[in-house]
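Load the model in the viewer and set the display to cartoon, with side chains hidden until a stop calls for them. The stops below each give a selection and then say what is there.

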Amino acid sequence: MRQVHVVRHPLVQHKLSLMRSAERSTQGFRRLLNEIGMLLAYEVTRDLPLEEVEIETPLARMKTPILSGKKLVFAPILRAGMGFVDGMLDLVPSARIAHIGLYRDPKTLQAVEYYFKAPPDVAERLVVVLDPMLATANSAVAAIDRLKERGCQELRLVCLLAAPEGIERFHGAHPEVPIWTAAIDSHLDSHGYIVPGLGDAGDRMFGTR
């Protein structure tokens, strides 16, 4: 699909399979989500711009590449998006964090905002929105809407699983925003859950399923 990057790295696929199992403990699920977060961060940052600087090694001076421009912002959609953050910060410790609090109304499946906090200069940075499940995409669309209202122009979305319906809805609203995901599953059920999926990521992270 256009603007959708499925990360097929063997470690990502292996860890995702472990997470799908209903037998996986809360601790195991949380640890795997953290590890996959780091691996997905590696993929979503693959094309970041570089600039050359001059440094002194123990043996000689040299020119060498470093990241160019302002640091990233990771923007987890609460609560499940937080499961990605530690792994991603291990890879990019200088990144800033924005928090977007949204919950899905169980009757309408629409996203309801209850919290938003971002760095003052968020509009000048590349913002990576983190939402493990791109199901109806209502939360992801609402998060991008809110960030665009703050002036953000460079936006990316990282999820663990996506449904075809969610991708279509998301790109219907924000066609220019690319998606990175570990898998595209079959469909949504009548309750808006991804099938075969892995259940509610937030419930499984916090042991509330």
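Select E35 and show its side chain: E35 is partly exposed, with a relative accessible area of 26%. This is a predicted model, and every value on the tour is computed from it. Add K15 to the selection. The side chains of K15 and E35 form a salt bridge, with 2.7 Å from N to O. K15 is the buried partner, because its relative accessibility is 16% and the cut-off for buried is under 20%. Colour the two helices to see what the pair connects: K15 belongs to helix α1 (residues 10-20) and E35 to helix α2, so the contact ties together parts that are 20 residues apart in sequence.

Stay on helix α2, which spans residues 26-44, and pick Y42 within it. Then add M38 and L91 and switch on the surface. These three residues, M38, Y42 and L91, make a nonpolar surface patch of about 270 Å².

**Strand β4 and its neighbours**

Select residues 73-78, which are strand β4; six of its six residues are buried. Which residues cover each side? V73, A75 and I77 are on one face, F74, P76 and L78 are on the other, and all of them are buried.

Now bring in the partner strands one at a time.

- Select residues 127-130, strand β8: four bridges join β8 to β4, and the two run parallel. Zoom to P76 to find L130 of β8 opposite.
- Select residues 96-97, strand β5: two bridges link β5 with β4, again in parallel. Here F74 faces I97 of β5 across the pairing.
- Select residues 99-104, strand β6: β6 is also joined to β4 by two bridges and runs parallel. The residue opposite I77 is I100 in β6.

Add helix α3, residues 82-91, to β4 and β5: together the three make a right-handed β-α-β unit. Before leaving β4, look at its end. The peptide bond from L78 to R79 is cis, with omega near 10°. R79 is in the loop that runs between β4 and α3.

**Charged pairs**

Side chains of opposite charge can pair when their charged atoms come close. How many salt bridges does the model contain? The count comes to 15. One of them, between K15 and E35, opened the tour; two further pairs and a network follow.

Select R61 and E56. They form a salt bridge whose closest N and O atoms are 2.9 Å apart. R61 is partly exposed at 47% relative accessible area, whereas E56 counts as exposed at 52%. The labels differ because exposed requires over 50%.

Next select E113 and R146, another salt bridge, with the closest N and O atoms 3.2 Å apart. E113 sits in strand β7 and R146 in helix α4 (residues 138-149), so this pair ties together parts that are 33 residues apart in sequence. Both ends are partly exposed: E113 has a relative accessibility of 39%, and R146 has a relative accessible area of 23%.

Then select K70, D121, E124 and R125 as a group. Salt bridges that share partners join these four residues into one network. Centre on D121, in the loop between β7 (111-117) and β8. Is D121 buried or exposed? D121 is buried, with a relative accessible area of 15%. Its side chain makes a polar contact with the side chain of K70 at 3.4 Å.

**Backbone stops**

Hide the side chains and show the backbone atoms. Select A137, in the loop between β9 (133-134) and α4. Phi of A137 is near 75°, a positive value in a residue other than glycine. A137 is also buried, with a relative accessible area of 5%.

Finish at V195 and P196. The peptide bond joining them is cis, with omega about 0°. P196 lies in the loop between β13 (194-195) and α6 (201-206).

How values were computed:
Residues numbered from 1 in each chain as written. Predicted model: local features only at pLDDT ≥ 70, side-chain atom pairs only at ≥ 80, totals over all residues. Heavy atoms only, no water. Buried < 20%, exposed > 50% of the residue type's maximum accessible area, 1.4 Å probe, protein only. Pairing = 2+ DSSP bridges. Right-handed = clockwise from strand over helix to strand, strands pointing away. Patch = residues over 30% accessible without salt bridge, like charges linked within 9 Å, V, L, I, M, F, W, Y side chains within 5 Å. Areas by Shrake-Rupley, 256 points an atom, 1.4 Å probe, with all protein chains shown as cover. Polar contact = N/O pair within 3.5 Å; in protein donor to acceptor, adjacent residues only side chain to side chain.
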